[in-house]
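Biologist: Please take a single part of this model and go through it closely. Then set that part in its surroundings, and say how far the prediction can be read.

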Amino acid sequence: MSQRSRSRLARFALCIGLIATALAGGAQARGIVSRGAPSGNGATANGQVALTFDDLPAIALSKDEAYVEDINRRLLAGLRRHHLPATGFVNEYKLDDMIRPRQIAILKAWLHAGMDLGNHTFSHESPNDIGVKAYIDDIANGELVTKKLLAARGRRDRWFRAPNLETGHPMAAKQEILDWLATHGYRMAPVTMNATDWQFAEPYDDAVLHHDAARAARIRASYLAYTREMIGWYHDASDVLFGRDIAYVMLLHTTRLNADCIDDLAALLRKAKLRPVSLDTAMRDPAYRTPDRFADADGVDWMERWAQTLNKTLPWDSFHDVPKDIQSEYDKVDKDRASTDAGQ
Ligand SMILES: [Zn+2]
């Protein structure tokens, strides 16, 4: 499949997500647009990887606060067990979605575990939908609680992750957002490794909530196989662009799937010889000084942006989408959730 047709598919996937979000009547946690999987064998030389988890406190089908707390408790325990530094990107609208003090306690637990927190906007909207001014207001509203928690530890909110990796379109809009971020001490957190975990996570959550162990095990196996493949693809992409492994920034989400898979994810990174580092450390890699001139409406990762800048072609021939059965399950669960929410 050509890169162009992949982009069309990606836009379609994003539209589906946006329609579902609209049907659900509010901002929903959503990852980035779908991309296929790679060919590489996952064995990299001496790379580094920084883990980032979006949509804190969590993406969960359950509105049970204890369920969300359990996801975070086990995810953080796993990150510490495997010495994996991580940055969590918060959507503060979620604090009021459930029991606010307990949601805030989850953010504190991240800092207590030695992790960093960043801003993922208040409501997870797109600048393409709400316009630059409202989007900037949404970023400013997204830091009110997180900023205080960081300040209490003598730290400040420095990282911004754009929802769906939509950084602004056209270029003037993007530049206005970047200027605001720079003026307010933020740096854009890029993504240079992604296995579309959010698409596996929702069906997995559904399987867990329905006590369907066989289905959960199947989705989990599929997720890990796809992630292994994607680690290899990003290695190949990095090789095309820079002739080496860069320090990757991996996009993940705070989900039951990742809480349950953290030991397996750590093993995949070890096998790929990727040394875990903080986001700050990864961003010292000179690759991140490559200009990002991308200003289309799509949300795409930084490998694709840099391919455009460097006039190089990523290894799309070896890139595979998320398995069809997972895509179908995701669409079904999302549709069911939208109709349930609409009925409430
Ligand atoms: Zn997000």
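Modeller: A residue counts as exposed if 12 or fewer other C-beta atoms lie within 10 Å of its own C-beta, as buried if there are 20 or more, and as partly exposed in between. The model is predicted, and local features are taken at a pLDDT of at least 70. The part I take is helix α3.

Helix α3 runs over residues 100-112, which makes 13 residues. From its first C-alpha to its last it reaches 18 Å, close to the 18 Å expected at 1.5 Å a residue. Four residues of α3 are buried: Q103, I106, L107 and W110. They lie on the same side of α3 because the arc they cover around the axis is only 95°. The general rule behind such a pattern is that an α-helix has 3.6 residues a turn, so residues three or four places apart point the same way. On the other side of α3, P101 and H112 are exposed. After the helix comes G114, with a positive phi near 90°.

The buried residues of α3 pack against five elements: the strands β1 (48-56), β2 (86-90) and β3 (116-119), and the helices α2 (65-81) and α6 (144-152). Three of these partners can be followed further.

I begin with β2 and β3. The two strands pair in the parallel sense over four bridges. Within this pairing, G88 has L117 in β3 as its bridge partner. In β3, L117 and N119 point one way, D116 and G118 point the other way, and all are buried. In the loop between β3 and α4 (127-130) lies H124. H124 is not a glycine, yet its phi is positive, about 65°. H124 counts as buried because it has 22 C-beta neighbours inside 10 Å.

For contrast, H211 is found in the loop between α8 (197-209) and α9. Its phi is also positive, near 55°, in a residue other than glycine. H211 has 8 other C-beta atoms within 10 Å, so H211 is exposed.

The third partner is β1, which leads to another strand. β1 and β7 pair in the parallel sense over seven bridges, and the bridge partner of A50 in β7 is V249. Strand β7 covers residues 247-253, and seven of its seven residues are buried. A247, V249, L251 and H253 point one way from β7, while Y248, M250 and L252 point the other way. β7 also pairs in the parallel sense with β6 (residues 193-194), over two bridges. There M193 stands opposite M250 in β7.

These pairings lead to the largest nonpolar core, which has 76 residues. The members that touch the most others in this core are A50, Y248, V249 and M250. The element that gives the most to this core is helix α9 (residues 213-242), with ten residues. In soluble globular proteins, nonpolar side chains tend to be buried together. Leaving out residues up to four places away in sequence, V249 touches A50, T52, A189, P190, V191, T192, M193, L279 and A282.

Two peptide bonds also deserve a look. The bond from L56 to P57 is cis, with omega near 0°, and P57 lies in the loop between β1 and α2. The bond joining H169 and P170 is also cis, with omega about -5°. P170 sits in the loop between β4 (159-160) and α7 (171-183).

For the protein as a whole, the secondary structure comes to 13 helices and eight strands. Of its 344 residues, 47% count as buried. Among contacts with a separation of 6 or more, 83% join residues 24 or more positions apart.

As for how far the prediction can be read, pLDDT averages 89 over the protein, and 86% of the residues score at least 70. Over residues 1-44 pLDDT stays under 50, although the model has 102 contacts beyond four places in sequence for that stretch. Where pLDDT is low, the predicted coordinates should not be read in detail.

Definitions and conventions: Residues are numbered from 1 along each chain as its sequence is written. This is a predicted model: local features need pLDDT of at least 70, side-chain atom pairs count only at pLDDT 80 or more; totals for chains, interfaces and linings use all residues. The expected span of a helix is 1.5 Å times one less than its number of residues. The arc is that of the directions from the helix axis to the C-beta atoms. Two residues are in contact if their C-beta atoms, placed from the backbone, lie within 7 Å. A nonpolar core is a set of buried Ala, Val, Leu, Ile, Met, Phe, Trp, Tyr and Cys residues joined through C-beta atoms within 7 Å. pLDDT is the predictor's confidence in each residue, from 0 to 100. Two strands pair if DSSP finds at least two bridges between them.
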